[in-house]
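Colleague: Please take a close look at one part of this predicted model and describe it for a first-year student. I would like one connected account of the disulfide and the strands around it.

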Amino acid sequence: MPTLDLPGVPRPGRGPFIPRDELPVPPNVERMMGPEDCRGSTLAAVSASVPDYPARAWDRGRQGWVVVRFHVYSDGSVHRARVHRAVPDGPFNRATERAVSNWQFAPLDGVDILENCVVMFEFRAGEVHIR
């Protein structure tokens, strides 16, 4: 019988999530965007999965957030996904960059590229949320 990954339910082999630090206060993402950032077309996600909670961070009870900047080309593909800010810096960075790099949007209408789009992920209590 196949296993299902359900939010808030640990995968086999993982014990319960036991937080060992507080969730850092997240930034105001809107203030991180400049007047020209991610402007010119509407983004419509075709495929946008959240990153997995990294096993090492889970085991250590780490919580935090990561802000990722990325570009979207006219065909809806994501390019140059990179961590802009993260607290704590490190434990969630690779997972977030990898997830955003695999996102796909509907083709853009009327522009070749949307530059400096921003998304924030919260890694809290063993779950990942997009903000």
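**The disulfide and its strands**

Modeller: Both cysteine 38 and cysteine 117 are buried. In this predicted model the two form a disulfide, with their sulfur atoms 2.0 Å apart. The torsion about their S-S bond is about 80 degrees, so the disulfide is right-handed. It ties together distant parts of the chain: cysteine 38 lies in the loop between α1 (29-32) and β1 (45-47), cysteine 117 lies in strand β5, and 79 residues separate them. The count of disulfides comes to one.

From cysteine 117 we can move to the strand pairing. Strand β5 covers residues 113-124 and runs antiparallel to β2, to which nine bridges join it. One residue of β2 to look at is tryptophan 65, whose bridge partner in β5 is glutamate 122.

Strand β2 (residues 64-73) is also paired with strand β3 (residues 78-87), through seven bridges, and this pair is antiparallel too. Here valine 68 stands opposite valine 83 of β3. The two strands form a hairpin, with four residues between them. In the turn, glycine 76 has a positive phi of about 90 degrees.

How many of the 10 residues of β2 are buried? Nine are, so the strand is largely enclosed by the rest of the structure. As a general point, the side chains of a regular strand alternate between the two faces of the sheet.

In short, β2 has bridges to β5 and to β3, and β5 carries cysteine 117, one end of the disulfide.

Notes:
Residues are numbered from 1 along each chain as its sequence is written. This is a predicted model: local features need pLDDT of at least 70, side-chain atom pairs count only at pLDDT 80 or more; totals for chains, interfaces and linings use all residues. Side-chain values use heavy atoms; hydrogens and water are left out. Buried means under 20% relative accessible area, exposed over 50%, partly exposed in between (1.4 Å probe, protein chains only). Two strands pair if DSSP finds at least two bridges between them. A disulfide is a pair of cysteine sulfur atoms within 2.5 Å.
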